[in-house]
Amino acid sequence: MPILPILTYPDPRLKRIAEPVTDFGPDLAALLGDLAETMAAGPGGVGIAAPQVDRCVRICLVDCSKSRRPCVNHGLLELINPEIVEWSGMEVGREGCMSLPDFTANVVRATEVVCQYQDREGNEQVAHAEGFEARALQHELDHLEGTLFIDRVVSKKRDVFPRKRYR
Ligand code: NI
């Protein structure tokens, strides 16, 4: 399973809207494996979305179990065709992204979300996430719409910071 190259801002391919997954066969399993390996190899890798590796499909992974900040989490979530169906609360927090390696930013996100998605077999699943995991999930789902955290900051002057170190 190779580590895949990550597209970085301002690559226009990051702005595309990803296509639904319809084939739950061996190609999907292989891509999920590659994504997991690529996420684990990245600095601060709590999530990755397929468009970041130039695969324009609705797949993302979230894994907050190895986060620097301990938080309630589901371990590795393989989210295929995910959709947020409920959200509540609002909170500002710092985010980074492998596609914007030189910056972090303060971004407003819901504090709790309910996400419907399919697993690698195509079964419908529901995950209820809160706090940092909810933030990671919203960040990764944004990638499927061609949205980056930089698009969500209130003030590019005050809320974007050069990154000093990873993790
Ligand atoms: Ni990202």
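**A nickel site, a helix and the salt bridges around them**

At 2% relative accessibility, H143 counts as buried, and this residue is found in helix α2. The structure described here is a predicted model, and the values that follow were computed from its atoms. Leaving aside neighbours within four places in sequence, the contacts of H143 are R16, A49, P51, Q52, C97 and L148. The C-alpha atoms of H143 and R55 are 11 Å apart in space, although the two residues are separated by 88 residues in sequence.

H143 also takes part in metal binding, since the nickel ion is coordinated by the NE2 atoms of H139 and H143 together with the SG atom of C97, at 2.1 to 2.2 Å. Along the chain, the donors of the nickel ion follow the spacing C-x41-H-x3-H. C97 is placed in the loop between β4 and β5, whereas H139 belongs to helix α2, so the pair ties together parts of the chain that are 42 residues apart in sequence. Both of these donors, C97 and H139, are buried, as is H143. With regard to the two histidines, an α-helix has 3.6 residues a turn, so residues three or four places apart point the same way.

Helix α2 further contributes to the charged pairs of the model. A search of the whole structure returns 11 salt bridges, one of which joins the side chains of R109 and D142 at an N to O distance of 2.9 Å. This pair links distant parts of the chain, R109 being in strand β5 (residues 103-109) and D142 in helix α2, 33 residues apart. Both partners are withdrawn from the surface by the criterion of under 20% relative accessible area: R109 is buried at 4% relative accessibility, and D142 is buried with a relative accessible area of 8%. The two residues also belong to a network of salt bridges in which E95, R109, R135, D142 and R152 are linked.

A further salt bridge is formed between E145 and R58, whose closest N and O atoms are 2.3 Å apart. E145 lies in the loop between α2 (131-144) and β8 (160-162), and R58 in the loop between β1 (47-49) and β2 (59-63), so this pair connects parts that are 87 residues apart in sequence. The partners fall into separate exposure classes, in that E145 counts as partly exposed at 38% relative accessibility, while R58 is buried with a relative accessible area of 14%. A similar division is found for the salt bridge between R13 and D11, in which the closest N and O atoms are 2.8 Å apart; here R13 is partly exposed at 33% relative accessibility, and D11 is buried at 17%. As a general point, side chains of opposite charge can pair when their charged atoms come close.

Helix α1 (residues 26-41) comprises 16 residues and reaches 23 Å from its first C-alpha to its last, close to the 22 Å expected at 1.5 Å a residue. Within α1, the buried residues are L28, L31, L32, G33, D34, L35, T38 and M39, and these buried residues pack against β1, β2 and β3 (76-88). T38, which is placed in this helix, is buried with a relative accessible area of 2%. Not counting residues up to four places away in sequence, T38 touches P2, I3, L4, I6, I48, V53 and M98. Beyond the helix, G42 lies in the loop between α1 and β1 and is buried, with a relative accessible area of 15%. G42 and D23 are 19 residues apart in sequence, and their C-alpha atoms are 27 Å apart in space.

In contrast to these buried positions, a nonpolar patch of about 440 Å² is present on the surface, where it is made by M90, V92, V108 and V154. Among the members of this patch, V92 is located in strand β4 (residues 91-95) and is exposed, with a relative accessible area of 56%.

Terms used
Residues numbered from 1 in each chain as written. Predicted model: local features only at pLDDT ≥ 70, side-chain atom pairs only at ≥ 80, totals over all residues. Heavy atoms only, no water. Salt bridge = Lys/Arg side-chain N within 4 Å of Asp/Glu carboxyl O. Buried < 20%, exposed > 50% of the residue type's maximum accessible area, 1.4 Å probe, protein only. Helix = DSSP H or I, 4+ residues; strand = E, 2+ residues; numbered from the N terminus. Patch = residues over 30% accessible without salt bridge, like charges linked within 9 Å, V, L, I, M, F, W, Y side chains within 5 Å. Areas by Shrake-Rupley, 256 points an atom, 1.4 Å probe, with all protein chains shown as cover. Donors = N, O, S within 2.8 Å, 3.2 Å for Na, K, Ca; no water. Expected span 1.5 Å × (residues − 1). Contact = heavy atoms within 4.5 Å.
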